[in-house]
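Me: I would like to learn how to read a protein structure, one feature at a time. Could you walk me through this one?

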Amino acid sequence: MLTKIQIRECLNEMEKMFPDAHCELIHENAFELTIAVLLSAQCTDALVNKVTAELFKKYKTPEDYLEVSLEELQNDIRSIGLYRNKAKHIRNLCERLIEHYNGEIPADHKELTTLPGVGRKTANVVMSVAFNWPAIAVDTHVERISKRLGICRWKDSVIEVEETLMRKVPKDEWSVTHHRMIFFGRYHCKAQRPDCVNCPLLHLCREGKKRQKKNNQELIT
């Protein structure tokens, strides 16, 4: 496991590599962001943005999503994985927003998680990006990077990864660290082909060292 000083080095290097890391889901308000994050489950941000470019022109308010049939909404997001379930979640979410929150996304983490289709990760993203609330949303990139580097344990659950990062990363850096780790995982330390050879954190990364050792052994044999 990395020490506090080593974790600081990791954070600093990620800042150097991705100083402008940000949420790549295109949106204009908290409502659109919530819909976009909901759609992004098991799907790339690039595909979500392609779909929402037209979706957000057609649907501006929760009421708009309820004025069409479920089948029509499904058809509008058909290119996204799990589109049937996501369409149902969107309609149920809109109904709850209208019934309980005057059609507005609540700026409260606990209340956000009561919305259909909104789990802890989605709530963290919305609170952080839309409402400037410090949070670390653990998606596949954040989880992978945390475990590869040795900030967290391999056996840690998603919530344990989040809790560990919250302890080891200064609170005022939670949100930006979330984005930098995502960029680091999305564009550098990829799931299938991490760029270990050119990684400034190779000397700290237990997974990178293991991969390099294996590659060297394969070259010898």
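Reply: Happy to! Let's begin with the surface. The accessible surface of the chain is about 11,800 Å², and carbon and sulfur atoms account for 50% of it. Keep in mind that this is a predicted model.

Me: How many of the 221 residues count as buried, as a percentage?

Reply: Of the 221 residues, 48% count as buried. As for overall dimensions, the C-alpha atoms fill a box of roughly 65 × 40 × 30 Å along the principal axes.

Me: What is the chain built from, in helices and strands?

Reply: The chain has 12 helices and zero strands. Its pattern along the sequence is therefore written α-α-α-α-α-α-α-α-α-α-α-α. Contacts add to this picture: of those with a separation of 6 or more, 58% are between residues 24 or more positions apart.

Me: Let's take one helix. Why does the distance between the ends of helix 1 agree with its number of residues?

Reply: The idea is to count 1.5 Å a residue. Helix 1 covers residues 4-17, which is 14 residues, so it should span 20 Å, and its end C-alpha atoms are indeed 20 Å apart.

Me: Which residues of helix 1 are buried?

Reply: They are Ile7, Cys10, Leu11, Glu13 and Met14. These residues lie on the same side of helix 1, because they cover an arc of only 165° around the axis. Here is the general idea behind such a pattern: an α-helix has 3.6 residues a turn, so residues three or four places apart point the same way.

Me: Which exposed residues sit on the face of helix 1 turned away from its buried side?

Reply: That face carries the exposed residues Ile5 and Lys16.

Me: And what covers the buried residues of helix 1?

Reply: The cover includes helix 9 (140-149), helix 10 (158-168) and helix 11 (174-187).

Me: Let's follow helix 11, then. How many of its residues are buried?

Reply: In helix 11, 11 of the 14 residues are buried, so this helix is largely enclosed by the rest of the structure. Among them are Trp174, His178, His179, Met181, Phe183 and Phe184. The cover over the buried residues of helix 11 includes helix 1, helix 8, helix 9 and helix 10. In length, helix 11 reaches 20 Å from its first C-alpha to its last, close to the 20 Å expected.

Me: Now for charged pairs. How many salt bridges does the structure hold?

Reply: There are 13 salt bridges. To read one, look at the closest N and O atoms of the two side chains: for Arg186 and Asp45 they are 3.1 Å apart. Arg186 lies in helix 11 and Asp45 in helix 3 (residues 45-58), so this pair ties together parts that are 141 residues apart in sequence.

Me: Are Arg186 and Asp45 buried or partly exposed?

Reply: One of each! Arg186 counts as partly exposed at 21% relative accessibility, while Asp45 is buried at 16%. The cut-off for buried is under 20%.

Me: What other salt bridge involves helix 3?

Reply: One is between Asp76 and Lys58, with the closest N and O atoms 2.9 Å apart. Asp76 belongs to helix 5 (residues 70-76) and Lys58 to helix 3, so the pair ties together parts 18 residues apart in sequence. Both partners are partly exposed: Asp76 has a relative accessible area of 26%, and Lys58 is at 39%.

Me: How far apart are the closest N and O atoms of Glu162 and Arg120?

Reply: In that salt bridge they are 2.8 Å apart. The pair links Glu162 in helix 10 with Arg120 in helix 8 (residues 120-131), 42 residues apart. Glu162 counts as buried at 5% relative accessibility, whereas Arg120 is partly exposed at 40%. Salt bridges can also share partners, and those that do join Glu24, Asp45 and Arg186 into one network.

Me: Last topic: how many disulfides does the structure hold?

Reply: A disulfide is a covalent bond between the sulfur atoms of two cysteines. This structure holds zero of them.

Me: Why is Cys10 without a bond to Cys205?

Reply: Cys205 has the closest cysteine sulfur to that of Cys10, but at 8.2 Å it is too far for a bond. Cys205 is in no disulfide either, and the nearest cysteine sulfur to its own, that of Cys189, is 6.0 Å away. Cys10 is buried at 0% relative accessibility, and Cys205 is buried at 9%.

Technical notes
Residues numbered from 1 in each chain as written. Predicted model: local features only at pLDDT ≥ 70, side-chain atom pairs only at ≥ 80, totals over all residues. Heavy atoms only, no water. Helix = DSSP H or I, 4+ residues; strand = E, 2+ residues; numbered from the N terminus. Expected span 1.5 Å × (residues − 1). Buried < 20%, exposed > 50% of the residue type's maximum accessible area, 1.4 Å probe, protein only. Arc of directions from axis to C-beta. Contact = heavy atoms within 4.5 Å. Salt bridge = Lys/Arg side-chain N within 4 Å of Asp/Glu carboxyl O. Disulfide = S-S within 2.5 Å. Areas by Shrake-Rupley, 256 points an atom, 1.4 Å probe, with all protein chains shown as cover.
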